[in-house]
Amino acid sequence: MPPAPPPVTSEGRISRFELRWAIIACCAISAIMVALIYAALVEHMAPPSSVETVDPQTLHLSAEFTEANLGTSVDADGQITSRIVATQFTFDPRCILLPANRPVTLRFASPDVIHGILVTGTNVNTMIVPGYVSQVHTIFTHPGDLLMPCHEFCGLGHSEMIATVRVVPPEDFKPDGQGRARCDAR
Ligand code: CUA
């Protein structure tokens with residue numbers, strides 16, 4: 001009787017199979033590392049928070065996040081910035097007005113605990129950590145009311161914590177003499 005043929009999964013075959021997968025994994029990891037380094041060094045992309053500091057205790061008393069500064073404002077050079085304070089358990093203001101199809105900057109700060117926001121139907125999403133300013137640059141492409149809920153559990157009223165981003169056609173975006181634009185002033 002002739003000897004039985006060697007089993008199909010011989011050791012050499014398994015080794016080649018493993019080597020092939022090791023090469024594929026190394027290529028994938030290398031590609032991800034190159035993409036990360038490119039994004040960081042060339043595109044200057046970094047996490048949107050933990051960059052700029054602000055004193056949470058005096059947030060509302062001086063400088064950028066005082067009551068009068070909150071909401072949307074247009075600088076002399078045409079830059080559109082919205083400043084929002086996220087606090088237990090509301091946003092101030094609860095509605096921000098912005099134009100469609102123009103670059104806008106959203107700046108958030110928290111005086112109390114960690115909050116987070118996302119704007120539905122967009123890729124806007126950031127944590128809001130006390131002590132830091134969270135900044136997001138974006139362009140809203142479609143007019144409409146977008147919901148902006150808090151997405152980080154911040155206490156008993158977390159589920160009540162929701163704001164509106166009102167995106168209007170650029171021709172309907174009319175800031176007042178001080179460059180301010182509000183939802184209720186339309
Ligand atoms: Cu703020 Cu949840």
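**Figure 1. The side chains of Arg166 and Asp145 meet in a salt bridge, with 2.9 Å from N to O.** Here the link runs between distant parts of the chain, since Arg166 sits in strand E11 (residues 162-168) and Asp145 in strand E10 (residues 144-149), 21 residues apart. You're looking at a predicted model, where local features need pLDDT of at least 70, side-chain atom pairs count only at pLDDT 80 or more, and totals for chains, interfaces and linings use all residues. Residues are numbered from 1 along each chain as its sequence is written, and side-chain values use heavy atoms, with hydrogens and water left out. A salt bridge here is a side-chain nitrogen of Lys or Arg within 4 Å of a carboxyl oxygen of Asp or Glu. Strands (E, at least two residues) and helices (H or I, at least four) are DSSP runs, numbered from the N terminus. Arg166 is partly exposed, at 24% relative accessible area, and Asp145 is partly exposed too, at 47%. For these labels, buried means under 20% relative accessible area, exposed means over 50%, and partly exposed is what falls in between (1.4 Å probe, protein chains only).

**Figure 2. Arg107 shares salt bridges with two glutamates, Glu52 and Glu64.** With Glu52, the N to O distance is 2.7 Å. That pair joins distant parts of the chain: Arg107 belongs to strand E6 and Glu52 to strand E1 (residues 52-53), 55 residues apart. With Glu64, the N to O distance is 2.6 Å. Because Glu64 lies in the loop between E1 and E2 while Arg107 lies in strand E6, this pair ties together parts that are 43 residues apart in sequence. So is Arg107 buried or exposed? Arg107 is buried, at 7% relative accessible area, while Glu52 is partly exposed at 34% and Glu64 is partly exposed at 21%. Add Arg83 and you get a network of salt bridges linking Glu52, Glu64, Arg83 and Arg107. Across the whole structure, the search turns up five salt bridges.

**Figure 3. Strand E2 pairs with E3 and with E12.** Two strands count as paired if DSSP finds at least two bridges between them. E2 (residues 71-74) and E3 (residues 80-87) run antiparallel, with four bridges, and Val74 faces Ile80 of E3. The hairpin of E2 and E3 has five residues between the strands, and there Gly78 takes a positive phi near 85°. E12 (residues 180-181) also pairs with E2 in the antiparallel sense, this time over two bridges. In that pairing, Thr72 stands opposite Ala181.

**Figure 4. Backbone details turn up at Phe89, Pro93 and Asn101.** The peptide bond from Gln88 to Phe89 is cis, with omega near -5°, and Phe89 is placed in the loop between E3 and E4 (90-92). Asp92 and Pro93 are also joined by a cis peptide bond, with omega about 0°. Pro93 is found in the loop between E4 and E5 (95-99). Then there's Asn101, which isn't a glycine but still has a positive phi of about 60°. Look for Asn101 in the loop between E5 and E6 (103-109), where Asn101 is partly exposed at 48% relative accessible area.

**Figure 5. The second largest pocket holds about 180 Å³ of space.** Which residues sit closest to the centre of this pocket? Of the 13 that line it, they are Leu70, Gly71, Pro93, Cys95 and Arg182. E2 and E12 each supply at least two of the lining residues. By class, the lining has six nonpolar, two polar and five charged residues. Ala, Val, Leu, Ile, Met, Phe, Trp, Tyr, Cys and Pro count as nonpolar, Asp, Glu, Lys and Arg as charged, and the others, Gly among them, as polar. A pocket is an open set of points, on a 1 Å grid over the protein atoms alone, where a 1.4 Å probe fits, with protein on both sides within 12 Å along at least five of seven lines; lining residues have an atom within 4 Å of a point. Points are joined across faces, edges and corners, and the volume is the space filled by probe spheres set on them.

**Figure 6. The chain is assigned two stretches, domain 1 (1-46) and domain 2 (56-185).** These bounds come from an automatic or database domain assignment. Taken over C-alpha atoms, the centres of domain 1 and domain 2 are 45 Å apart.
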